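User: Please take a close look at one loop of this model and its charged and polar contacts. Then place that loop against the rest of the fold.

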Amino acid sequence: MNANKRKYQPVHMGKNMMRNQNPLGKMGLILLCSLIAGMAFAQQPSISVSKVAGELPTEPFAPAWQKAPALDVAVLPQQMTQPRLEEASVTELRVQGLTDGKSIAWRLSWADDSPSQNVDVKRFSDAVAIEFPLTPTASPFMGQKGGGKVQILYWKGLWQKDMDEGFQDVQDVHPNAWSDLYWFAEGKPPHRVPEDFKDPRSHQWFIAKQAGNPSAVFERSQPAQELVAEGWGSLTPQPESATSALGIWKEGRWTVVFSRPLTTDDVNDYQFKPGEKGQLAFAVWQGDADNRGGRKHWSNWTAYQLP
């Protein structure tokens, strides 16, 4: 056999299809999945968003949520691209929506035996996200290049713990840890973040923060983040966020509420219109099952109806 010739193996449906590394094959796979998603979207029931009188409830266990219609949305392990999730640990999300005519709130709930809200070696955080299409033809699987832009609202359990209990430093995970000398840090070792790092000169030791990484912040105002994407590997945080969130773990379930105005001035924000029928998709990560990054559960487009 000629050594310069490449040996091709047939690509079968199933796992082999998901693992096809050919760029044209990947594009065909995206288009096929988008077509399937569109067919499923047309056939499935929709989330009926109810209108409330008075203040919009943003607390996960506010009484108004008990009367809001709920839809159980199936989620599957992400196996289209690396890194894949080989085994599912979550099967569905329960989704509800409420609006007061000016803002909208989405309530997501899923089963989880124990909360994962710290990160360390081989420890990951629980998380959940909502995705909206910024272009009509966007794929529910992170959009696609060349006209498939999506917006994503992302909540993380670690960030919620930062909000509830204060910034989670190394000493919180390893109480007997000892930190090295940090120039311009205040107080006595082991230094705590952010209390001992008020002097801007002391920040030079935090490489991610100095590089402008939006996840490397000492004092977080919200446990949620807004992002945009046009295909795998293009996820980009938005400079400004109109979304707030609150998550509570109780009796074996996470319940998270996202809230934001119906309309904004940001071209990268999805805009809601009264009376419209739209679509959204979801993703969920279970930290104690080693979910992180692309190792997640995700859904097809799900329809919603605004009052």
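Analyst: The side chain of His203 makes a polar contact with the side chain of Lys209, at 3.4 Å. This is a predicted model, and the contact should be read as part of it. His203 sits in the loop between H4 and H5. Helix H4 covers 170-173 and helix H5 covers 207-210. Is His203 buried or exposed? His203 has a relative accessible area of 14%, so it counts as buried; the cut-off for buried is under 20%.

Now the charged pairs around this loop. How many salt bridges does a search of the whole structure find? The search finds 6.

Start with Asp172 and Arg192. Their side chains meet in a salt bridge, 3.0 Å from N to O. Asp172 lies in helix H4 and Arg192 in the loop between H4 and H5, so this pair ties together parts that are 20 residues apart in sequence. Asp172 is partly exposed, with a relative accessible area of 36%. Arg192 is partly exposed too, at 26% relative accessibility.

Next comes Glu219 with Lys198. This is a salt bridge whose closest N and O atoms are 3.9 Å apart. The pair links distant parts of the chain. Glu219 is in the loop between H5 and strand S9 (224-229), Lys198 is in the loop between H4 and H5, and the two are 21 residues apart. Glu219 is exposed, with a relative accessible area of 59%.

The side chains of Arg201 and Asp199 form another salt bridge, at 2.8 Å from N to O. Here the partners fall into separate classes. Arg201 counts as partly exposed at 49% relative accessibility. Asp199 counts as buried at 17%. Some bridges also share partners: Asp172, Arg192 and Glu195 are joined into one network this way.

The nonpolar side of the region comes next. Leu181, Trp183, Phe184 and Trp205 make a nonpolar surface patch of about 470 Å². Trp183 is found in the loop between H4 and H5. Why does Trp183 count as exposed? Its relative accessibility is 54%, and exposed means over 50%. In soluble globular proteins, nonpolar side chains tend to be buried together.

Now the interior. The largest nonpolar core has 30 residues. Trp106, Trp110, Val128, Phe258, Phe272 and Phe282 touch the most other members. Several strands give two or more residues to this core, including S3 (71-74), S5 (92-99), S7 (127-133) and S8 (150-156). S6 (103-111), S12 (253-261) and S13 (277-285) do so as well. S6 gives the most, with 4 residues. Another core, of 18 residues, lies apart from it. Met142, Leu227, Trp285 and Trp301 are among the members of that second core.

Strand S13 leads on to the strand pairing. S13 and S15 pair in the antiparallel sense over 4 bridges. In this pairing, Gln279 stands opposite Ala303 in S15. S15 (residues 302-305) is also joined to strand S1 (residues 47-48) by 2 bridges, and these two strands run parallel. Ile47 stands opposite Tyr304 in S15.

Back to the loop between H4 and H5. Among its residues are His203, buried at 14%, and Trp183, exposed at 54%. Arg192 belongs to that loop as well, and so does Lys198.

Technical notes
Residues are numbered from 1 along each chain as its sequence is written. This is a predicted model: local features need pLDDT of at least 70, side-chain atom pairs count only at pLDDT 80 or more; totals for chains, interfaces and linings use all residues. Side-chain values use heavy atoms; hydrogens and water are left out. A nonpolar core is a set of buried Ala, Val, Leu, Ile, Met, Phe, Trp, Tyr and Cys residues joined through side-chain atoms within 4.5 Å. Buried means under 20% relative accessible area, exposed over 50%, partly exposed in between (1.4 Å probe, protein chains only). Patches are made of residues with over 30% relative accessible area and no salt bridge: like charges are joined within 9 Å, nonpolar side chains (Val, Leu, Ile, Met, Phe, Trp, Tyr) within 5 Å. Accessible areas come from the Shrake-Rupley method with a 1.4 Å probe; for residues, only the protein chains shown count as cover. A salt bridge is a side-chain nitrogen of Lys or Arg within 4 Å of a carboxyl oxygen of Asp or Glu. Two strands pair if DSSP finds at least two bridges between them. A polar contact is a pair of N or O atoms within 3.5 Å; within protein, one must be able to donate a hydrogen and the other to accept it, and residues adjacent in sequence count only if both atoms are side-chain atoms.
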